[in-house]
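Trainee: I should like to learn how to read the features of a model such as this one. May we look at it together?

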Amino acid sequence: MDAERSIGMRLWGAWPWLRRGPGFRERTVGHLAGQVLEIGFGYGDNLPHYRAASAVWAIEPDPDGFGEAARLARGVPFPVTLSRAVAEALPFADASFDTVVGTLVFCSVSAPLAALAEVRRVLRPNGTLHLFEHVRAPQPWLAWVQDRLSGPWKHWSGGCHVNRDTVGLLRAAGFSLQRFRSRLGGLVVEIQAGVKI
Ligand SMILES: C[S@@+](CC[C@H](N)C(=O)[O-])C[C@H]1O[C@@H](n2cnc3c(N)ncnc32)[C@H](O)[C@@H]1O
């Protein structure tokens with residue numbers, strides 16, 4: 001699985017124009033305040049877009065993007081701590097963060113429910129999770145197409161699940177949606193979620 005993830009990472013690295021994103025990074029992380037944990041930071045492309053964070057801890061299993069992320073971290077006015085880790089086993093104490101964020105990550109995480117349980121564990125009470133993700137289509141015919149594409153897509157993308165029902169997984173993991181916006185006919189979602197009490 002590490003080799004597959006590594007292929008995915010290199011493919012992602014090869015598309016800097018796509019990585020810069022048409023505005024989604026600013027929308028997703030620009031307003032996040034306090035102590036933030038970013039999951040699967042890739043090449044650190046979100047770092048220049050944080051405007052209100054007091055500190056960012058960022059984890060990523062693949063070492064390929066650490067150099068670029070460290071370079072970007074030197075240009076921001078808040079402390080950034082980069083660590084090698086997976087979302088399924090976060091190396092942080094319970095209730096450590098005000099906010100957790102992930103952009104285009106939960107499609108690739110191998111065990112998303114385990115990762116969401118970890119996110120719950122490290123979030124403080126009233127903390128929030130912010131995601132920008134491509135997801136399973138809400139239209140049954142399109143979800144059917146995604147299901148057929150899923151095997152080859154996962155192989156050729158290096159581990160990305162094109163049909164992943166991230167919204168359903170969030171609910172199953174005990175999160176409630178506080179803000180939800182869908183784009184591209186529901187193929188892409190922007191979410192703020194909190195833990196159900
Ligand atoms: C499409 S890239 C997105 C990177 C970055 N979040 C961005 O917006 O540019 C997917 C990222 O998820 C990471 N990833 C895959 N499985 C993961 C896991 N189990 N835990 C944390 N990150 C993971 C990959 O290594 C990769 O950096």
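Mentor: We shall go through the sheet, the helices and the ligand shell in turn. Please keep in mind that this is a predicted model.

Trainee: In what order do the seven strands of the open sheet lie?

Mentor: A sheet is read from edge to edge by following strand partners. Here the order is 3-2-1-4-5-7-6, and the pairing is mixed. Strand 3 and strand 6 (175–183) each have a single partner strand and stand at the edges, so one side of each has no neighbour in the sheet. From one strand to the next, the twist averages 15°.

Trainee: In which sense do strand 2 and strand 3 pair, and over how many bridges?

Mentor: One looks at the sense of the pair and then at individual bridge partners. Strand 2 (residues 53–59) pairs with strand 3 (residues 80–83) in the parallel sense, over four bridges; Trp57 has Thr81 in strand 3 as its bridge partner. Between these strands the chain passes through helix 4 (residues 66–73), and this β-α-β crossover is right-handed. Helix 4 lies across both strands, running at about 175° to strand 3.

Trainee: How many bridges join strand 1 to strand 4?

Mentor: Strand 1 (residues 34–39) and strand 4 (residues 97–103) run parallel and are joined by three bridges. Within this part of the sheet, Val36 stands opposite Thr99 in strand 4. Helix 5 (residues 112–122) packs on the sheet and touches strand 1, strand 4, strand 5 (123–134), strand 6 and strand 7 (188–195). The direction of helix 5 makes about 145° with that of strand 5.

Trainee: Do strand 5 and strand 7 pair in the parallel or the antiparallel sense?

Mentor: Their pairing is antiparallel, over seven bridges, with His134 matched to Val188 in strand 7. Strand 6 and strand 7 also run antiparallel, joined by eight bridges, and Ser176 has Gly194 as its bridge partner in strand 7. The hairpin of strand 6 and strand 7 has four residues between the strands, and Leu184 there takes a positive phi near 50°.

Trainee: Where does helix 6 bend?

Mentor: A bend is best described by its angle and its position along the helix. Helix 6 (residues 140–157) bends by about 50° at Ser150, and Pro152 follows within four residues. After helix 6 comes Gly158, with a positive phi near 80°.

Trainee: How many residues surround the ligand, and which are the closest?

Mentor: A ligand shell is read by its members and then by their chemical classes. The shell holds 21 residues, and the closest are Gly40, Gly42, Ala87, Thr103 and Ser108. Ten residues of the shell are nonpolar, five polar and six charged. Helix 1 (residues 2–13) gives the most to this shell, with three residues.

Terms used
Residues are numbered from 1 along each chain as its sequence is written. This is a predicted model: local features need pLDDT of at least 70, side-chain atom pairs count only at pLDDT 80 or more; totals for chains, interfaces and linings use all residues. Two strands pair if DSSP finds at least two bridges between them. Helices (H or I, at least four residues) and strands (E, at least two) are DSSP runs, numbered from the N terminus. A crossover is right-handed if, with the strands pointing away from the viewer, the path from the first strand over the helix to the second runs clockwise. A residue is near a molecule or strand if its C-beta atom, placed from the backbone, lies within 6 Å of it. Ala, Val, Leu, Ile, Met, Phe, Trp, Tyr, Cys and Pro count as nonpolar, Asp, Glu, Lys and Arg as charged, and the others, Gly among them, as polar. The bend at a residue is the angle between axes fitted to the seven residues ending there and the seven starting there. Axes are lines fitted to C-alpha atoms, for helices over the stretch in contact, and angles run from 0 to 180 degrees between N-to-C directions. Two residues are in contact if their C-beta atoms, placed from the backbone, lie within 7 Å.
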